Amino acid sequence: MPITGVFFIPSNPNASTAFATVTERLHSSLADEPIPVGRWALEQKLMRDTPSCLPASASQRPAQARYMQFLSLTYFPNHGFIYTSQPPEKTPHAQPSAGSPGTVASGAASPVTPTPAQSQQTATAPAPTNPDYSAMVMTTVPLPACSTLFQHFVYACQPFWCHRHTVTVPGGVVYDVGDFRVRIGDVRQTQPAARVRGTVVEIGWKGPSLVTSIASLYAQSKKALRGLGDGGLLDDDNDSGIDMAFPDSIEEADIDAEYAATATLIREFWARLSIEGAREAILVPDVGKEVKDQLRKLKQQGNQKSQRSFNDGEGQQVDEDPDPEAGVDVARQFMEIFRFNR
């Protein structure tokens with residue numbers, strides 16, 4: 001689970017985008033030479049709930065808008081991402097402290113030691129101020145099912161949900177620049193009207209990372225359980241080659257500190273490009289939620305004495321997708337950026 005940040009540079013419909021400028025700055029403003037390593041693409045569809053036909057009473061507050069977003073990324077080919085607002089009665093009163101929409105959360109590299117000020121900033125990040133923001137729920141589904149579910153909501157739930165827009169990055173470019181992987185692409189709206197929206201840049205940290213180590217250990221543990229019977233139970237005598245002592249020394253606060261420290265590294269990288277007018281998404285709400293869940297499961301597995309169950313339920317089948325939670329953080333960031341023209 002790489003740690004990333006997303007930057008969006010909007011452009012006017014009849015003007016050129018910042019794609020060429022960003023590419024030129026990558027070659028001229030950085031010490032490391034960018035190395036092209038591939039192509040990438042995405043597609044995102046935004047839906048919004050339709051307003052009520054009934055007039056609001058004088059004592060009733062206007063209902064907060066609810067959204068549903070469907071995202072697919074070519075570098076996560078096994079699943080699509082669905083991001084939807086929680087029902088109002090289930091929305092927590094306290095907002096997540098990971099940051100506000102438009103602020104990116106990133107995991108820090110192990111050589112980076114977060115300062116106390118950074119840790120304090122993470123713990124006391126302000127609640128989201130976007131009036132359209134409500135608590136969101138992320139889920140992943142097999143990629144074909146993502147398209148099927150979208151069509152279901154378009155046709156079967158049309159009175160309740162309205163398709164607002166579809167945006168794509170049809171032909172992005174991927175570069176390796178030192179310890180960073182950079183994806184650049186022009187964002188094109190295909191519905192309701194075809195137009196260019198701007199340029200999006202994803203910057204991911206490739207260096208050593210506690211977050212990546214936890215995700216890798218979690219994936220290894222699931223793989224080790226695939227060949228075991230008894231509903232995925234791992235006996236104490238089983239030699240899986242997995243060091244279960246590693247998660248015991250890690251706390252969730254360490255993960256938060258890594259996200260804050262790596263966010264600083266990503267922002268410094270972006271600042272060297274000197275691109276004006278960009279919106280960022282880094283420490284978005286709930287970023288890091290899945291890796292914290294993975295840490296808790298690894299600790300639970302390591303603390304069991306006689307038998308250790310990695311799955312939530314006994315006899316639960318292992319997912320065919322080798323890593324169904326891969327990419328959830330960057331998906332949140334793209335969706336926060338692309339919730340425009342609502």
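The exercises below work through parts of a predicted model.

Residues are numbered from 1 along each chain as its sequence is written, and side-chain values use heavy atoms, with hydrogens and water left out. Because the model is predicted, local features need pLDDT of at least 70 and side-chain atom pairs count only at pLDDT 80 or more, while totals for chains, interfaces and linings use all residues.

**Exercise 1. Find the strands that pair with β6, and the residues that stand opposite T168.**

Step 1. Locate the strand: β6 covers residues 161–177. Strands (E, at least two residues) and helices (H or I, at least four) are DSSP runs, numbered from the N terminus.

Step 2. Look for partners; two strands pair if DSSP finds at least two bridges between them. Strand β2 (residues 35–49) pairs with β6 in the antiparallel sense over 13 bridges. Strand β7 (residues 180–191) is also antiparallel to β6, over eight bridges.

Step 3. Take T168 in β6: E43 stands opposite this residue, and in β7 its bridge partner is R188.

Step 4. Check the turn. The hairpin of β6 and β7 has two residues between the strands, and G178 there takes a positive phi near 60°.

Step 5. Check the cover: 12 of the 17 residues of β6 are buried. Buried means under 20% relative accessible area, exposed over 50%, and partly exposed in between (1.4 Å probe, protein chains only).

**Exercise 2. Test the length of helix α3 and describe its two sides.**

Step 1. Compare the spans. The expected span is 1.5 Å times one less than the number of residues. For the 14 residues of α3 (residues 143–156) this should be 20 Å, and the end C-alpha atoms are 20 Å apart, which agrees.

Step 2. List the buried residues of α3: C146, F150, F153 and V154. They lie on the same side of α3 because they cover an arc of only 100° around the axis, where the arc is that of the directions from the helix axis to the C-beta atoms.

Step 3. Recall the general rule: an α-helix has 3.6 residues a turn, so residues three or four places apart point the same way.

Step 4. Turn to the other side of α3, where P144, T148, Y155 and A156 are exposed.

Step 5. Name the neighbours. The buried residues of α3 pack against β2, β3 (67–73), β4 (79–85), β5 (136–142) and β6, with contact meaning heavy atoms within 4.5 Å.

**Exercise 3. Classify the aromatic pairs F70–F150 and F180–F269.**

Step 1. Set the rule: rings of Phe, Tyr and Trp (its six-membered ring) pair if their centres lie within 6.5 Å; planes under 30 degrees apart count as stacked, over 60 as edge-to-face and the rest as tilted. The whole structure has 12 aromatic pairs.

Step 2. F70 and F150 are 5.4 Å apart centre to centre with 75° between the planes, an edge-to-face pair. F70 lies in strand β3 and F150 in helix α3, so the pair ties together parts that are 80 residues apart in sequence. Both F70 and F150 are buried.

Step 3. F180 and F269 have 4.6 Å centre to centre and 40° between the planes, a tilted pair. F180 lies in strand β7 and F269 in helix α5, so this pair ties together parts that are 89 residues apart in sequence. F180 and F269 are buried.

**Exercise 4. Locate the cis peptide bond.**

Step 1. The bond from Q191 to P192 is cis, with omega near 5°.

Step 2. P192 sits in the loop between β7 and β8 (195–205).
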